[in-house]
Amino acid sequence: MQTNEAGQESEIKQVIRSLCMMNNRFMNFMLDDNKEAAQVFLRVILGDDKIKVRNVRIQSFIQNIYGHSSQLDILAQDSEGRYFNVEVQRSDEGAPARRARFYSSILDTHFLQPGKLYEELPDTYVIFITENDVLHDNLPLYNIRRRIDENAKCFEDGSRIIYVNSQRRDDTALGKLMQDLYCTEPKNLHYQEFAERMEFLKYSKEGEEKMTDVIEEYAARKAEAVAKEASEKAQARNIELAKDLLSEGESIERTVRLSKLSEAEVRELASKLTA
């Protein structure tokens, strides 16, 4: 019993230590209430060393009573009152242009309080960090702003959407940040603000305890895999039993009853045996 528990604990540790920041949940833990790490992200992506993060929250649920609500991965605010929503998207389907548009609009709806003037609406940034180059122009960064078609001037409404292509991992500041997103060992990270947090989460008891939902997700996947394997073995045994019964001349009906296969499955086996 103790051997099994020790083996499971070791396996859980391996799962935790294999995580990188491109894992959505792990990224959340890395940045949760971690202003210094969030500040590095925003400064590098926006190319602005003056950004000072005031607060950062993960899994912020924004209720929309008139339609679709949203849960934002990471929501930060800086000292100038600007809001930054950071989303990690490993699937191309998770980062369509209209999703970015919707997130931008729901931030506006949430942060303009009743009675406030439109001029008081804060600047917002929706940042998608994507595993693949979903916009297909091989750029490290895509800054998206509204513009006037007739003169190509920017229409300064205070909203911006940014796509970050994590495949561009060169020696620039942004490239090193992208390298860090795929790094699993604290000692190999370029940015110390990430290294300290990752060391805590992966190599301290308190850090492991914080990641209970990651462990629960792992346990659920493990249980699902065990159940699937057991089901497949049971099915294989039933098929072999059905073959034996049919080869001994048992009827379709009795074979169905004893093997627990469906009638269609048994008839298919019978047709193959007589072919």
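Select T124 in β4 and S159 in β6: these two residues stand opposite each other. Strands β4 and β6 run parallel and are joined by seven bridges; strands count as paired when DSSP finds at least two bridges between them. Helix and strand names follow DSSP runs numbered from the N terminus, with helices (H or I) of at least four residues and strands (E) of at least two.

Before moving on, note that this is a predicted model, in which local features need pLDDT of at least 70 and side-chain atom pairs count only at pLDDT 80 or more, while totals for chains, interfaces and linings use all residues. Residues are numbered from 1 along each chain as its sequence is written, and side-chain values use heavy atoms, leaving out hydrogens and water.

**Stop 1: strand β4**

Now select residues 124-130, which make up β4. Are they covered or not? Seven of the seven residues are buried, where buried means under 20% relative accessible area, exposed over 50%, and partly exposed in between (1.4 Å probe, protein chains only). Colour T124, V126, F128 and T130 in one shade and Y125, I127 and I129 in another, and you will see the two groups point opposite ways from the strand.

**Stop 2: across to β3**

Add residues 83-89, strand β3, which pairs with β4 in the parallel sense over seven bridges. Within this pairing, look for E87, which stands opposite F128 of β4. Follow the chain from β3 through α4 to β4 and you trace a right-handed β-α-β crossover. Right-handed here means that, with the strands pointing away from the viewer, the path from the first strand over the helix to the second runs clockwise.

**Stop 3: helix α4 and the largest pocket**

Stay on α4 and pick L107, which lies in this helix. L107 is buried, with a relative accessible area of 0%. Show F84 as well: its C-alpha is 9.5 Å from that of L107, though the two are 23 residues apart in sequence.

Next, select R101, S104, I144, R146 and I161, the residues nearest the centre of the largest pocket among the 19 that line it. The space in this pocket comes to about 350 Å³. On a 1 Å grid over the protein atoms alone, a pocket is an open set of points with protein on both sides within 12 Å along at least five of seven lines, a cavity is a set where a 1.4 Å probe fits but cannot get out, and lining residues have an atom within 4 Å of a point.

Which helix gives the most to the lining of this pocket? That is α4, with six residues. Both α4 (97-111) and β6 (159-165) supply at least two residues each.

**Stop 4: the largest cavity**

Select L31, A38, F41, L42, I74, A76 and V86 to outline the largest cavity. Its volume is about 40 Å³. Helix α3 (35-46) and strand β2 (70-78) each give at least two lining residues, and the largest share, three residues, comes from α3.

**Stop 5: two cysteines**

Finish with C20 and C183. How many disulfides are there? The count is zero, a disulfide being a pair of cysteine sulfur atoms within 2.5 Å. C183 forms no bond with C20 because its sulfur is 8.7 Å from that of C20, the closest cysteine sulfur, which is too far. C20 is buried, with a relative accessible area of 10%, and C183 is buried too, at 11%.

Technical notes: Grid points are joined across faces, edges and corners, and a volume is the space filled by probe spheres set on the points.
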